[in-house]
Amino acid sequence: MTEADRDEHATARARLAADRADTLAQAAALSRDFDGIVAANALVAVDDEHDPEGGSTAFERAHVATLLARAREHLEELDRALERLEQGLYGQCENCGGTIPPERLEIRPAATTCVRCASDPRRPPRSA
């Protein structure tokens with residue numbers, strides 16, 4: 001591994017670690033918000049259908065739950081990206097095998113596809 005490769009590896013690792021730390025903090029905050037919403041609703045008999053505040057409470061709970069689920073998914077994506085980095089596959093498109101541009105990886109460190117594959121409407125979206 002050349003010095004330039006080691007530098008790229010270290011930069012990618014730092015970028016992924018920073019994104020992971022930010023996402024962990026976001027997930028923790030969302031988890032506290034969700035727990036707070038649930039706890040507040042446990043203190044009152046909430047009838048979402050007839051309580052004027054019930055609809056907004058249900059929406060808020062669902063919204064926070066969705067954001068929390070997305071943060072957890074992103075953590076999994078980042079963990080897979082770290083695994084690819086260790087295997088020497090980071091920055092390689094999973095569809096075509098081409099190189100993912102460094103600019104794309106700066107914006108989306110967990111990206112698994114190059115721009116061409118990501119924007120190809122004939123390719124089904126990846127589930128992972």
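A salt bridge here is a side-chain nitrogen of Lys or Arg within 4 Å of a carboxyl oxygen of Asp or Glu. With that in hand, let us tour some close-ups of this predicted model.

**Figure 1. Arginine 6 and glutamate 3 pair up in a salt bridge.** The closest N and O atoms of arginine 6 and glutamate 3 are 3.1 Å apart. Both residues belong to helix α1, where three residues, about one turn of the helix, separate them. Arginine 6 counts as partly exposed because its relative accessibility is 40%, and partly exposed covers the range between under 20% and over 50%.

**Figure 2. Helix α1 runs from residue 3 to residue 42.** At 1.5 Å a residue, the 40 residues of α1 should span 58 Å, and the end C-alpha atoms are indeed 58 Å apart, so expectation and model agree. Look along the helix for its buried residues: Ala12, Leu16, Asp19, Thr23, Ala27, Leu30, Ile37 and Asn41.

**Figure 3. The largest nonpolar core has 14 residues.** The members that touch the most others are Leu16, Ala81, Leu85, Tyr90, Cys93 and Leu105. Helices α1 and α2 (54-87) each supply at least two residues of this core, and α2 gives the most, with four. Apart from this core lies another, of six residues, including Leu30, Ile37, Val64 and Ala71.

**Figure 4. Leucine 105 and its contacts.** Setting aside residues up to four places away in sequence, leucine 105 touches Arg15, Tyr90, Gly91, Ile100 and Ala111. Leu105 is also one of the core residues that touch the most other members, as is its contact Tyr90.

**Figure 5. Arg70, Glu73 and Glu77 are linked in a network of salt bridges.** Within this trio, the side chains of arginine 70 and glutamate 77 meet at 3.4 Å, N to O. Arginine 70 has a relative accessibility of 39%, so it counts as partly exposed. A search of the whole structure finds six salt bridges.

**Figure 6. Glutamate 94 meets arginine 84 in a salt bridge.** The N to O distance between these side chains is 3.9 Å. This pair links distant parts of the chain, 10 residues apart: glutamate 94 sits in the loop between α2 and α3 (102-107), and arginine 84 in helix α2. The partners are set differently against the surface: glutamate 94 is partly exposed, with a relative accessible area of 35%, whereas arginine 84, at 8% relative accessibility, counts as buried.

Terms used:
Residues numbered from 1 in each chain as written. Predicted model: local features only at pLDDT ≥ 70, side-chain atom pairs only at ≥ 80, totals over all residues. Heavy atoms only, no water. Expected span 1.5 Å × (residues − 1). Buried < 20%, exposed > 50% of the residue type's maximum accessible area, 1.4 Å probe, protein only. Core = buried A, V, L, I, M, F, W, Y, C linked by side-chain atoms within 4.5 Å. Contact = heavy atoms within 4.5 Å.
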